[in-house]
Amino acid sequence: MNEQAIKDLLYKLADDQLILGHRNSEWTGFGPILEEDIAFSSMAQDKIGHSLAFYTLLQELGEAEPDTVAFTRNANQFHNSQLVELPNGEYDFSLIRHFLYDNAEIIRFEMLSQSSYEPIAKVATKLKGEVKYHVLHANTWIKNLGSSTEEAILRLQSSLNEAMPYALGMFEKSKFEQELIDAGVYAGEEAVKAEWLKRITAVIEKTDLKLPDLATIEPKFGGRYGEHTEHLQPLLDEMAEVFKIDPTAEW
Amino acid sequence: MSLTKENILTLLEEVKDPEIPVLSLVDLGVITGVEISEDDHVTVNMTPTFAGCPAMDYMKKDVERTLEKHGISNYKVNMTFDKPWDSNKLTEKGRKQLKEFGLAPPPKYDLILDLDILEHVKCPYCDSDNTDMRTPFGPTLCRSMHYCNNCKQMFEQFKPL
């Protein structure tokens, strides 16, 4: 197996988790109700734990140790999709992003748990059980709020329209795409996207929300190749602020 | 003392979950293997309950401290995903201890998580099934929060995973 291809996949997985984990953590203390404050904080902790599991696999392949990788790279060295770096906005936007992201992530983990690359398969088997709770949380809220008051529906619809180009950007293919598919590492981004569309449609159909016409949307690509919005670098600066005071400190 | 897998496991009974101090790591199901080589080198394999659990590193150090305390200096403790944890790995003894501690133990299940499993958890205080899940997240990653309509109390469950 081409090690570069595996590393590229691992960076993509790990960076998505780390950046969304950080965004989720920004809800700590600000959730609209206590349960949601706790939910986003818990998901933050899970996701940062998931990124650690993938950064550890990268370390086993010769990359720097996880803290160094997480805290010392610049925005153009990150492989996350632009969706996860966008600011939290209001709760409706965070919820829609969480719904769109986690429904894709669980499919990736389900596929990777069958991967021909055993180290990823083991980690994915473990993590898919944890992400189920994230998906359950997102789907429950979308169903409840998406068919509640006029304001809730309008807000969610507007956030859904805004987030969709970025959500489609999650499925940007890597330059090793065909190689990964041929080697049985996973079925590739097109396959993830097709299944994702089925699952999010099934939830949205139970609400008063409408899925935007995907044919008319230009996906926001670039994230997987280090092209990011203006929002990523300030996030990284804040995330690494304490680490950078003394990079050699033992925690 | 001659080293056997059994007596290492007995020593590890002393190591408790730092957040649930009645529950040993053995009963929690996170000790996934103990190997002793011919020259008495001890290998203990552990696996995290939740990948992001901040207590795992502490538990690993606690295992190392316990081995040292019993005069074992030739050892290695590994944290691996080789045999990933799920909540069915909690022992019967562990489930009983959780309940006594006031945490509803996770149901044994077929590892297909659905809402039904989460909705009607038996209250650890009064054993009623008339309960509702308030949120699948709680004060730690491994707990969800529920309300008992019978004894009118909030309670927590150790989540099925």
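This report describes selected features of chains A and B in a predicted model.

## Helix α6 of chain A

Helix α6 of chain A runs over residues 118–145. At 1.5 Å a residue, its 28 residues should span 40 Å, and the C-alpha atoms at its two ends are 40 Å apart, so expectation and model agree. The helix nevertheless contains a kink of about 30°, with its centre at K128(A).

## The setting of R23(A)

R23(A) belongs to helix α1 of chain A, which covers residues 3–25. R23(A) has 23 other C-beta atoms within 10 Å; because 20 or more are required for the buried class, R23(A) is buried.

When residues up to four places away in sequence are not counted, R23(A) touches V84(A) and N88(A). E35(A) lies 12 residues from R23(A) in sequence, and their C-alpha atoms are 17 Å apart in space.

## The largest nonpolar core

The largest nonpolar core holds 95 residues. The members that touch the most others are L10(A), F54(A), L83(A), L100(A), V123(A), A163(A) and A167(A). Helix α5 of chain A (residues 91–112) supplies the largest share of this core, with 11 residues. In soluble globular proteins, nonpolar side chains tend to be buried together.

L83(A), one of those core members, can be followed through its contacts. With neighbours within four places in sequence set aside, L83(A) is in contact with R97(A), Y101(A), A163(A), Y166(A), A167(A), G169(A) and M170(A). Among these partners, A163(A) and A167(A) also appear in the list of core residues that touch the most other members.

## Overall architecture of chain B

Chain B contains 5 helices and 9 strands, arranged along the sequence as α-β-β-α-β-β-α-β-α-β-α-β-β-β. The C-alpha trace of chain B spans about 55 × 25 × 25 Å along its principal axes.

Of the 161 residues in chain B, 36% are buried. Considering contacts in chain B between residues at least 6 apart in sequence, 52% join residues at least 24 apart.

## An open sheet in chain B

In chain B, 4 strands form an open sheet with mixed pairing, in the order β6-β9-β8-β7. Strands β6 (103–104) and β7 (131–135) of chain B are the edge strands, each pairing on one side only.

Within this sheet, strand β8 (residues 143–148) and strand β9 (residues 153–158) of chain B pair in the antiparallel sense over 6 bridges. M145(B) has E156(B), in β9(B), as its bridge partner.

Definitions and conventions
Residues numbered from 1 in each chain as written. Chains lettered and ligands numbered in written order. Predicted model: local features only at pLDDT ≥ 70, side-chain atom pairs only at ≥ 80, totals over all residues. Expected span 1.5 Å × (residues − 1). Bend = angle between axes of the 7 residues up to and from the residue. Buried ≥ 20, exposed ≤ 12 C-beta atoms within 10 Å, placed from the backbone. Contact = placed C-beta atoms within 7 Å. Core = buried A, V, L, I, M, F, W, Y, C linked by C-beta atoms within 7 Å. Pairing = 2+ DSSP bridges.
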